[in-house]
Amino acid sequence: MDSCFWPGFIVAGLNYRFNWIILPNWIVIVSSIIFIIAYILYAEVLRENTYLSRTIEVQKNQKVIDTGLYKIVRHPMYAVTILLFLSMPLILGSFISFIIFLIYPIIIAKRIENEEKMLERNLIGYSDYKRKVKYKKNDNIRKTAIAVFF
């Protein structure tokens with residue numbers, strides 16, 4: 001995932017320094033609001049799922065989380081990190097960095113594909129959960145935001 005972060009942030013700094021592309025203030029403001037909402041959603045995901053891990057694995061005694069945000073979206077953490085990481089370059093005022101950061105959703109989509117295969121094989125109840133919760137990542141991010149705030 002570092003494949004887009006280092007170049008993205010370096011380009012954002014260079015964009016700022018050399019004024020390559022100046023974004024309107026309203027884009028920066030809207031992106032900041034999206035970032036704050038996504039950060040709140042991310043905190044909610046961390047609260048709901050104590051099994052989160054950087055590596056794709058099933059932990060001892062792990063159960064399927066099917067409440068809260070997980071009741072709406074199968075991978076809410078990935079959905080909100082996409083919002084976080086796509087809003088950051090716009091907050092920094094760099095459309096060029098935004099283009100670079102578009103690599104992130106592609107990387108996450110592949111990770112989700114691998115994770116779902118592993119969870120179906122190794123986590124009891126995941127196949128049933130998958131049938132109940134149709135949405136993956138940000139297929140329905142609006143519903144996820146509404147679930148947290150209301």
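**View 1. Leu-14 sits in a helix.** Leu-14 lies in helix α1. This is a predicted model, so the residue you see here is a computed one. Is Leu-14 buried or exposed, or partly exposed? With a relative accessibility of 34%, Leu-14 counts as partly exposed, because that value falls between the 20% cut-off for buried and the 50% cut-off for exposed.

**View 2. Leu-14 belongs to a nonpolar surface patch.** Which residues join Leu-14 here? The patch is made by Trp-6, Ile-10, Leu-14, Phe-18, Trp-20, Ile-21, Phe-95, Ile-99 and Leu-102, and it covers about 890 Å². Two elements each give two or more residues to this patch: α1, spanning 2–18, and α4, spanning 95–101. Helix α1 provides the largest share, with 4 residues.

**View 3. The chain is built from helices.** Stepping back from the patch, how many helices and strands does the chain have? There are 7 helices and 0 strands. Follow the sequence from one end to the other and the pattern reads α-α-α-α-α-α-α.

**View 4. Inside and outside the chain.** Of the chain's 150 residues, 39% count as buried. On the outside, the chain exposes about 9200 Å², and carbon and sulfur atoms supply 64% of that area.

**View 5. Contacts link distant parts of the sequence.** Take the contacts between residues at least 6 apart in sequence: 77% of them join residues at least 24 apart. As you trace the chain, look for places where such residues meet.

Note on methods
Residues are numbered from 1 along each chain as its sequence is written. This is a predicted model: local features need pLDDT of at least 70, side-chain atom pairs count only at pLDDT 80 or more; totals for chains, interfaces and linings use all residues. Side-chain values use heavy atoms; hydrogens and water are left out. Buried means under 20% relative accessible area, exposed over 50%, partly exposed in between (1.4 Å probe, protein chains only). Contact means heavy atoms within 4.5 Å. Accessible areas come from the Shrake-Rupley method with a 1.4 Å probe; for residues, only the protein chains shown count as cover. Patches are made of residues with over 30% relative accessible area and no salt bridge: like charges are joined within 9 Å, nonpolar side chains (Val, Leu, Ile, Met, Phe, Trp, Tyr) within 5 Å. A salt bridge is a side-chain nitrogen of Lys or Arg within 4 Å of a carboxyl oxygen of Asp or Glu.
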